[in-house]
Amino acid sequence: MTRAVLSLGSNLGDRLEHLRTAVATLGDAVRVVSGVYETPPWGDADQPAYLNAVLLAEDRTATPRDWLERARVAELAAGRVRDPLRRFGPRTLDVDVIAVWGDDDEPVLSDDPELTLPHPRAHLRAFVLRPWIDIQPYGRLPGHGWLTDLLTSGPPADDVLDLRARPELALESTA
């Protein structure tokens, strides 16, 4: 079995619905989903704000490459069109594979340019770290350390707007 942490982000169209599409597309593999956060764009600042979330998924048959393929299927389901000229440009849905653990609970490491694990910039992104702490308060980013330490010593989190108090913005039913 592998476990994966996936980061979700959307800043075009019905942002919340695009995040929900990702959760629905990933289906039964989803174990827990963070709250929703609104964040300014990263990279290309001339675009709308993002809604972000993180989820933990498990599947005994999935390989790291399968998680990447599932991420791409979720993006397509939300109408994602990749613009090679705007790597950090706006998108209906962005799903990044942040980290994967194998059967032995050891992190999977990969330097494949198509799937680098753990994600090479996750430790720099409050919009990944903050929601991940929701679902794994004592979590660690392989090769980088405790999530809480990374968040307090790394990227500014002041502009990560916590929307968890708004039940209408939940990605999964709490019933």
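Contact here means heavy atoms within 4.5 Å. With that cut-off, and not counting residues up to four places away in sequence, Leu8 touches Leu19, Ala22, Val23, Leu51, Asn52, Ala53, Leu55, Asp94, Val95 and Leu171.

A word on the ground rules first. This is a predicted model, in which local features need pLDDT of at least 70 and side-chain atom pairs count only at pLDDT 80 or more, while totals for chains, interfaces and linings use all residues. Residues are numbered from 1 along each chain as its sequence is written, and side-chain values use heavy atoms, with hydrogens and water left out.

**Overall layout**

The protein chain holds 4 helices and 10 strands, where helices (H or I, at least four residues) and strands (E, at least two) are DSSP runs numbered from the N terminus. Read from the N terminus, the order is β-α-β-β-β-α-β-β-β-α-β-β-α-β. The C-alpha trace spans about 40 × 40 × 35 Å along its principal axes. A compact globule of 175 residues would have a radius of gyration near 16 Å, and the 15 Å of the protein chain agrees with that; the radius is taken over C-alpha atoms, and the globule rule is 2.2 Å times the number of residues to the power 0.38. Among contacts between residues at least 6 apart in sequence, 68% join residues at least 24 apart.

**Cores and burial**

Of the 175 residues, 49% count as buried (under 20% relative accessible area; exposed is over 50%, partly exposed in between, with a 1.4 Å probe and protein chains only). A nonpolar core is a set of buried Ala, Val, Leu, Ile, Met, Phe, Trp, Tyr and Cys residues joined through side-chain atoms within 4.5 Å. The largest has 31 residues, and Leu8, Leu55, Trp67, Val95, Val97 and Leu171 have the most contacts inside it. Helix 1 gives the most to this core, with 5 residues. Apart from it lies another core of 20 residues, including Ile98, Val128, Leu141 and Val160.

Helix 3 (residues 126–135) has 9 of its 10 residues buried, so it is largely enclosed by the rest of the structure. Among the buried ones are Phe127, Trp132 and Ile135.

**The second largest pocket**

A pocket is an open set of points on a 1 Å grid over the protein atoms alone, where a 1.4 Å probe fits, with protein on both sides within 12 Å along at least five of seven lines; lining residues have an atom within 4 Å of a point. The second largest has about 210 Å³ of space, a volume being the space filled by probe spheres set on the points, which are joined across faces, edges and corners. Of its 14 lining residues, Ser34, Gly35, Ala170, Leu171 and Glu172 are the closest to its centre.

Ser34 touches Ala53, Val54, Pro131, Asp134 and Ile135, not counting residues up to four places away in sequence. The C-alpha atoms of Ala170 and Arg20 are separated by 8.8 Å, although the two are 150 residues apart along the chain.

Here are three residues with their accessibility:

| Residue | Location | Relative accessibility |
|---|---|---|
| Ser34 | loop between strand 2 and strand 3 (37–39) | 5%, buried |
| Ala170 | segment after strand 10 (161–162) | 30%, partly exposed |
| Asp105 | loop between strand 5 and strand 6 (110–112) | 46%, partly exposed |

**Backbone details**

Most residues other than glycine have a negative phi, and most peptide bonds are trans. Asp105 has a positive phi of about 65° although it is not a glycine. The peptide bond from Leu117 to Pro118 is cis, with omega near -10°, and Pro118 lies in the loop between strand 7 and helix 3.
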